[in-house]
Amino acid sequence: MTPVSQWNGQFSCYDRVARTDDFSTVVQIGDVEIGGGNFAVMAGPCAVESERQVLETAEAVAEAGAVILRGGAYKPRSSPYSFQGLGIEGLKILRKAREETGLKIVTEVMAPEDVGVIAEYADIMQVGTRSMENYALLVALGGCGRPVLLKRGMTATLAEMLQSAQIIALNGNPDIILCERGIRTFETATRNTLDIAAVPVLKTVSHLPVIVDPSHAAGVRCLVPALARAAAVVDADGLLVEVHPCPERALSDGNQSLNLDEFRDMMDDLQPYLALRGEARCLRPQLLRVGGMH
Ligand code: PEP
Ligand code: MN
């Protein structure tokens with residue numbers, strides 16, 4: 001790769017998260033590592049709907065190789081008439097699933113006042129696309145004592161995403177995982193456009209781990225395995241995938257959720273692609289100079 005000098009000005013000012021040497025952040029949660037060459041799969045329903053739904057999903061995704069269970073208890077719904085999530089009851093269900101399967105838990109936080117209670121139940125605090133620029137929330141997450149999964153705003157540039165990460169880091173929390181989940185473009189065949197180039201760009205200009213959410217990018221389940229393969233071959237550090245025992249009856253995002261068999265097949269099909277990782281004779285990432293424009 002020829003040095004891309006404009007990236008210095010674009011990204012190097014976010015000095016807590018910009019890559020300026022060979023150091024890469026590895027987010028460690030018990031025995032689970034995100035970053036450092038691993039491919040950590042986070043899977044589960046869009047929303048926590050019932051204990052049965054979550055436990056059945058958790059057992060199946062753990063068996064298939066996921067290490068983290070996802071599930072929203074506080075849901076950011078575009079429509080006020082959509083299911084809004086079970087709140088604290090949902091968090092208790094996620095905790096039970098952790099006790100029964102050993103999976104770590106990632107769940108979304110939308111408001112600064114919910115950070116304390118969600119941090120009691122979650123292993124990773126998810127910031128959704130609609131909250132990437134909720135600066136009060138980002139500041140509160142700086143002191144939450146848990147890693148943060150920061151999703152890219154649906155109309156945010158990568159520099160804006162790193163700016164949000166910088167706020168979390170500046171407020172005391174260096175454990176941040178970046179997530180590309182698709183952006184708004186003129187294309188309507190998919191729910192969002194997966195910006196696959198975001199992965200190598202972010203991994204070049206930042207030391208933070210980068211994962212891909214193929215579900216919210218695709219919007220339809222048949223595309224999810226192909227986008228997951230793409231993520232694997234561009235050296236993403238993992239996936240965030242929606243899985244439901246019966247997607248047809250899901251209270252949110254059923255269209256893009258895999259059923260349990262489809263998830264297992266996707267995981268099996270990823271293996272040869274994961275085996276290829278690290279074999280490419282890539283040029284080394286260019287190091288940024290600290291400082292530059294704000
Ligand atoms: C989700 O993960 O269910 C979600 C709401 O994602 P996003 O914030 O990317 O839309
Ligand atoms: Mn969802």
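A surface patch here is built from residues with over 30% relative accessible area and no salt bridge, joining like charges within 9 Å and nonpolar side chains (Val, Leu, Ile, Met, Phe, Trp, Tyr) within 5 Å. Welcome to a tour of a predicted model, where local features need pLDDT of at least 70, side-chain atom pairs count only at pLDDT 80 or more, and totals for chains, interfaces and linings use all residues. Residues are numbered from 1 along each chain as its sequence is written, chains are lettered from A and ligands numbered from 1 in the order in which they are written, and side-chain values use heavy atoms, leaving out hydrogens and water.

**Stop 1: a charged patch**

Select Glu56, Glu59, Glu99 and Glu100, which gather on the surface as a patch of negative charge. Two elements, α2 (51-64) and α3 (88-101), each give two or more residues to this negative patch. Helices (H or I, at least four residues) and strands (E, at least two) are DSSP runs, numbered from the N terminus. In charge counting, Lys and Arg are positive and Asp and Glu negative, while His and the chain ends are not counted. Each charge is placed at NZ of Lys, CZ of Arg, CG of Asp or CD of Glu.

Now click on Glu99, in helix α3. Is Glu99 buried or exposed? Glu99 is exposed, with a relative accessibility of 61%. The cut-offs are under 20% relative accessible area for buried, over 50% for exposed, and in between for partly exposed (1.4 Å probe, protein chains only). The areas come from the Shrake-Rupley method.

**Stop 2: between two helices**

Stay with helix α3 and pick Lys96, whose side chain meets that of Glu51 in a salt bridge (2.9 Å, N to O). The term means a side-chain nitrogen of Lys or Arg within 4 Å of a carboxyl oxygen of Asp or Glu. Side chains of opposite charge can pair when their charged atoms come close. Lys96 sits in helix α3 and Glu51 in helix α2, 45 residues apart, so this pair links distant parts of the chain. Lys96 is partly exposed at 30% relative accessible area, and Glu51 is also partly exposed, at 35%.

**Stop 3: a buried network**

The whole structure holds twelve salt bridges. For another of them, select Arg152 and Glu180, whose closest N and O atoms are 2.8 Å apart. Arg152 is in the loop between β7 (148-151) and α6 (158-170), and Glu180 is in strand β8 (residues 176-180), so the pair ties together parts 28 residues apart in sequence.

Add Asp195, which also forms a salt bridge with Arg152, at 2.9 Å between the closest N and O atoms. Asp195 belongs to the loop between β8 and α7 (198-205), so its pairing with Arg152 ties together parts that are 43 residues apart in sequence. Through shared partners, Arg152, Glu180 and Asp195 join into one network. Arg152 and Glu180 are both buried, and so is Asp195.

**Stop 4: the manganese ion**

Which residues coordinate the manganese ion (ligand 2)? Select Cys46 (SG), His216 (NE2), Glu242 (OE) and Asp253 (OD), which coordinate the ion at 2.1 to 2.4 Å. Donors are N, O and S atoms within 2.8 Å of the metal (3.2 Å for Na, K and Ca), and water is not among the atoms, so sites may look incomplete. Cys46 lies in the loop between β3 (40-44) and α2, and Glu242 in strand β10 (residues 238-242), so the pair ties together parts 196 residues apart in sequence. Both Cys46 and Glu242 are buried.

Conventions
Accessible areas come from the Shrake-Rupley method with a 1.4 Å probe; for residues, only the protein chains shown count as cover.
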